[in-house]
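Got your viewer open? Here's a walk through the model, one selection at a time.

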Amino acid sequence: MKLLTKQNIVFFCIIAFVFAVSVVSWFMIRNIKIENPVAEIYKNGELTHRIELASDKSDSTIIDDNSNVIFVGHKVGVIHADCPDKICVNTGFIDSGVFPIICLPNRLEIRIVGVKSELDAVAR
Amino acid sequence: MRLKIVILTVILFLGGLSGCGILNGSNETPASLSRTNFALGTFVTVSTPDTSAMAAAAFDRAFERLSEIEMIASAKNADSELFYVNQNAFKNDIAVSEELFFLLETGLYYSSLTNGAFDITLGSVVELWGIGTNAEFVRGKPDEPEISAAIENSGYEHLVLNENDRSVRFLREGLRIDLGALAKGYAADEMKRILVENGVTSAILDLGGDIHTIGNKNGAGWRIGITDPRSPGESCMVVRVFDKAVVTSGDYERFLIHEGVRYHHIFDARTGMPADSGIISATAIAESAMLADTLSTALFVMGAERAIEFMRIIEIAPTRLEIDYVLIDSDMNFYYSEGFYPELIE
C-alpha cells in the first residue's frame, strides 16, 4: 500500500492547516478580555453590595447608607458624604483598575473586580 | 475520502477549541481567592490565585492574626493593650506582652535611629489633629497653644522600656504612643508569615495601600503602581517585586482642609504640624513591610537631602539592609536609591 499518494498528502496538509488555525485562534481569543466589571462595596470590612456595572448608561442604582450616597451606573462613585475630608467624593467615578474609593472616617471602600488590570496593586 | 476529511477536520477543530478552553468559557479572568476586612484603621485585602480549601484556611488564620495584632497595637481601640498602656503608664511601670514590648522596642529603636523623623510617641499630636477620624473629632486646624502642649507631651526620650520586667513607663503625663506607622507593616509581615507557613506560595496583601507580596505571579514579578501624589487616582511609576513590601507615605491619602489650606496626616515631631520637608511622597521597598512602613514615614519627614544621606549611612551600616526607595518632591522631581530603576508612566 502506497502511503505518499496525492490524496494522503492533501489530507495531512488539511489536518495540519486546521490544527494550526485552532492553535492560532486559541492564542488570539485568549487575549480578548472578557470583562464583567462589578462594584464591590464594603462597610466596616463587610461586603454589603455587589453590583454589576451597567452597560447601558441610563441604568443606575443609588445606595444611601446614611453616611455616603453611592451612585452605581456604568461607573461607580460617591456623590455625597458626611465625612470631613470628602476624599471619597473627590476620588470621582471608577470603572476599572486597582484604585479603590475609600472613605476612612465612614469605613467605606468601593472596589471594582472582574476587570483585568496592568497592575496587581497600588502603593498609596 | 471526502467524508473522512470533513469528519476529521470537525473533530480536530472542536477538539482544539475545547481543549484550549474556548468552548467552556475558561478564558475569563482567572479565579482567585480574595478577602477584605477592616482593621488597624484601614481596609485590609488579601488575594491569591490559589482557590484551594488550604488557601482559604490559611486566610482564616492570617485574618485571626490580624485581629490579634489589632487588640495589641491599636491606639484607637479602647479594648487594646496599647490603649491601656496609654492610659496608665505615666509614672507607672506597666508590664506588657512580649509582642507589644517588641513593637515598642522596635519603634523606639527607629525613633532614635531617625532622630525623631519617625516617632512612636506622637499620639497626642495625632489625636489633636484627628485626621482621618469621624467628623465629630475633626475641629479643623488646632490652635497654636494646643499644638505646643501636644509637642510637650511627645518625644521618644520620655518613653522608658525596661527589658528585665518587660515594662513600660511614661515620663510625661500626656504622652501617647501611636504605632500607626509601624503596626500595619508588622501586621503585613505576620500575615505573610502565617500564609506561607500554611502553604500559600503566591499572594498579595494590601493593608490600606501598604503592599506586601508572597512569591511571584505566574513566574513574573508583581507589578505594583506607585500613586501619583498630584493625581492620586493614577500611578506615576511601576515597580516589579518578588516577595517584597512596597510602602508609600504621601500627603494625599489622609488630610483635612482648613481655610483653604490642606493639612496632611504625617507629622513632624519638632513642630507638631504636618511635615513640610518638600517631599510629597516617599516609597520604601524592603523584604520587611514593617521596615518599609517605618522608613517611608521617616524619609517623608526628613526631606530629600537628609533622607538620601540617611539611606546612604543605613546601607553602609554593618546590618546592610537591602532597601530601595523613591522620593518625590513638590516639583515632581524623583530621587531613587542607587541601582533602582522603576518603570515610569508618562
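## Start with chain A

Measure between the centres of domain 1 and domain 2 of chain A, over C-alpha atoms, and you get 50 Å. To colour them separately, use 1-31 for domain 1 and 37-118 for domain 2, as the domain assignment of chain A has it. Keep in mind as you click around that this is a predicted model.

## Salt bridges

Now bring up the charged side chains. Over all chains, the structure holds 20 salt bridges, and we'll stop at a few of them.

Select K43(A) and D65(A): these two form a salt bridge, with 3.0 Å between the closest N and O atoms. The pair ties together distant parts of the chain, 22 residues apart: K43(A) sits in strand β1 (residues 38-43) of chain A, while D65(A) is in the loop between β3 (61-64) and β4 (68-72). Buried or exposed, what is K43(A)? It's buried, because its relative accessible area is 19% and the cut-off for buried is under 20%. D65(A) has a relative accessible area of 24%, so that one is partly exposed.

Next, show both chains and pick D206(B) and R111(A). Here the salt bridge has its closest N and O atoms 3.6 Å apart. This pair crosses between chains: D206(B) belongs to strand β6 (residues 203-207) of chain B, and R111(A) to strand β7 (residues 108-113) of chain A. Both D206(B) and R111(A) are buried.

Stay with chain B and select R65(B) plus E99(B). Their side chains meet in a salt bridge at 2.2 Å, N to O. Again distant parts of the chain are linked, with R65(B) in helix α2 (residues 53-73) and E99(B) in helix α4 (residues 98-113), 34 residues apart. R65(B) and E99(B) are both buried. Which residues join R65(B) and E99(B) in one network of salt bridges that share partners? Add E68(B), E190(B), R193(B) and E197(B) to your selection and you have it.

## The nonpolar cores

Switch to the nonpolar side chains. The largest nonpolar core has 74 residues, and the ones with the most contacts inside it are L66(B), L179(B), M191(B), L195(B) and L299(B). Highlight helix α8 (residues 289-302) of chain B too: it supplies the largest share of this core, ten residues.

Zoom in on L179(B). Not counting residues up to four places away in sequence, it touches A73(B), L82(B), L100(B), L103(B), L104(B) and I120(B). Apart from the largest core lies another, of 19 residues; I51(A), I94(A), L108(A) and I110(A) are among them.

## Two last stops in chain B

Centre on A75(B), in the loop between α2 and α3 (81-88) of chain B. A75(B) counts as partly exposed because its relative accessibility is 22%. Setting aside neighbours within four places in sequence, A75(B) is in contact with L82(B), F83(B), N86(B), I177(B) and D178(B). Want a distance to try? From A75(B) to H258(B), C-alpha to C-alpha, is 25 Å in space, with their positions 183 residues apart in sequence.

Finish at D268(B), in strand β13 (residues 267-268) of chain B. With a relative accessibility of 8%, D268(B) counts as buried. Leaving out neighbours within four places in sequence, its contacts are M273(B), P274(B), A275(B) and V301(B).

Note on methods. Residues numbered from 1 in each chain as written. Chains lettered and ligands numbered in written order. Predicted model: local features only at pLDDT ≥ 70, side-chain atom pairs only at ≥ 80, totals over all residues. Heavy atoms only, no water. Domains from an automatic or database assignment. Salt bridge = Lys/Arg side-chain N within 4 Å of Asp/Glu carboxyl O. Helix = DSSP H or I, 4+ residues; strand = E, 2+ residues; numbered from the N terminus. Buried < 20%, exposed > 50% of the residue type's maximum accessible area, 1.4 Å probe, protein only. Core = buried A, V, L, I, M, F, W, Y, C linked by side-chain atoms within 4.5 Å. Contact = heavy atoms within 4.5 Å.
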